[in-house]
Amino acid sequence: MVNIWETIMDAMKSMTNQDKDQPLHVGEVMACWMYLAGLELAKVTVQAGINTTDDDELRSILDEDMKLGTSQRKRLHDFMIKEGITLPPAPADMPISNPNSIPLGVKLTDDVLANELSLKIISLIMNAASATSQSIRTDVGLLFVQFLAEKLAFATRLKHLMRKRGWIQVPPFYVPPGSQLP
């Protein structure tokens with residue numbers, strides 16, 4: 001059985017200088033690059049959502065995601081620069097616009113915006129979990145554990161809003177032959 005305290009102590013010991021002279025392996029570099037690229041793409045999608053919605057609660061969630069994304073982008077950007085990793089290209093920021101000036105054939109609905117944000121969060125959560133499991137260096141693993149925890153906490157709030165508004169998309173229930181729904 002795993003002893004939590006021994007595991008924590010081992011992690012703390014490994015965070016001392018033994019990782020500092022170890023270079024990143026290609027998986028850690030790729031994880032950093034892919035996560036930052038995902039954050040950069042999510043940024044413009046969130047900006048477009050902020051420009052599109054009239055819903056105050058959805059705008060608040062989008063603003064919260066923008067702040068979280070900005071924080072994660074800065075931390076990862078700084079880490080990658082320090083480690084000498086080439087940065088992925090970043091799209092230009094979306095200009096601010098009035099939601100009422102967007103033609104109806106172009107304007108995305110609030111449920112589409114929320115579900116698109118949800119898919120982007122899921123993608124980043126999966127990338128962070130994968131990066132955490134592949135990391136050899138403790139500092140890289142801890143960085144992605146922190147990103148993962150932050151995105152999971154945010155996803156919970158987003159899911160609550162989506163359920164409240166009826167926007168969450170649920171796949172069909174699986175009912176084995178001969179069974180009944182509860």
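This is a walk through one predicted protein model, stop by stop, with something to select at each.

**Before you click**

Residues count from 1 along each chain as its sequence is written, and side-chain values use heavy atoms, with hydrogens and water left out. Because the model is predicted, local features need pLDDT of at least 70 and side-chain atom pairs count only at pLDDT 80 or more, while totals for chains, interfaces and linings use all residues.

**Stop 1: the whole chain**

Colour the protein chain by secondary structure. You should find five helices and zero strands, running α-α-α-α-α from the N terminus on. Helices here are DSSP runs of H or I with at least four residues, strands are runs of E with at least two, and the numbering starts at the N terminus.

Of the 182 residues, 35% count as buried. Buried means under 20% relative accessible area, exposed means over 50%, and partly exposed is in between, using a 1.4 Å probe and protein chains only. Contact means heavy atoms within 4.5 Å. Among contacts with a separation of 6 or more, 83% join residues 24 or more positions apart.

**Stop 2: helix α3**

Select residues 56–83, which make up α3. The 28 residues should span 40 Å at 1.5 Å a residue, and the end C-alpha atoms are 40 Å apart, so the two agree. The expected span is 1.5 Å times one less than the number of residues.

Now show side chains. Buried residues in α3 include Leu-58, Ile-61, Leu-62, Asp-65, Gln-72 and Arg-73. What covers the buried residues of α3? Look around and you will meet α2, α4 and α5, among the things that cover them.

While you are in α3, click Ser-60. Ser-60 counts as partly exposed, at 43% relative accessibility. Measure from its C-alpha to that of Ile-50: they are 8.8 Å apart in space and 10 residues apart in sequence.

**Stop 3: the loop after α3**

Move on to Ile-85, in the loop between α3 and α4. Is Ile-85 buried or exposed? Ile-85 is buried, with a relative accessible area of 10%. Leaving aside neighbours within four places in sequence, Ile-85 is in contact with Leu-24, Val-29, Cys-32 and Met-80. The C-alpha atoms of Ile-85 and Val-29 are separated by 7.0 Å, with their positions 56 residues apart along the chain.

**Stop 4: helix α5**

Select residues 138–165 for α5. This helix has 28 residues and reaches 41 Å from its first C-alpha to its last, close to the 40 Å expected at 1.5 Å a residue. Just after α5, Gly-166 takes a positive phi of about 75°. Among the buried residues of α5 are Val-140, Phe-144, Phe-147, Lys-151 and Phe-154.

Zoom in on Lys-151 in α5. At 2% relative accessibility, Lys-151 counts as buried. Which residues does Lys-151 touch, not counting those up to four places away in sequence? They are Tyr-35, Leu-39, Asp-65, Leu-68, Gln-72, Ile-121, Leu-124 and Ile-125.

**Stop 5: α2 against α5**

Add residues 26–52, helix α2. The two helices pack at an angle of about 30°, with their axes 11 Å apart. That makes α2 roughly parallel to α5. Axes are lines fitted to C-alpha atoms, for helices over the stretch in contact, and angles run from 0 to 180 degrees between N-to-C directions. Under 35 degrees counts as roughly parallel, over 145 as roughly antiparallel, 65 to 115 as roughly perpendicular and the rest as oblique.

On the α2 side, the contact is made by Glu-28, Ala-31, Cys-32, Tyr-35 and Leu-39, and on the α5 side by Val-140, Phe-144, Phe-147 and Lys-151.

**Stop 6: α4 against α5**

Swap α2 for α4, residues 110–134. The axes of α4 and α5 come within 9 Å and cross at roughly 155°. The pair is therefore roughly antiparallel.

Residues of α4 in this contact include Ala-114, Ile-121 and Ala-128, and those of α5 include Gly-141, Leu-148 and Ala-155.

Finish on Ser-118, in helix α4. Ser-118 is buried, with a relative accessible area of 19%. Apart from neighbours within four places in sequence, Ser-118 is in contact with Leu-158 and Met-162.
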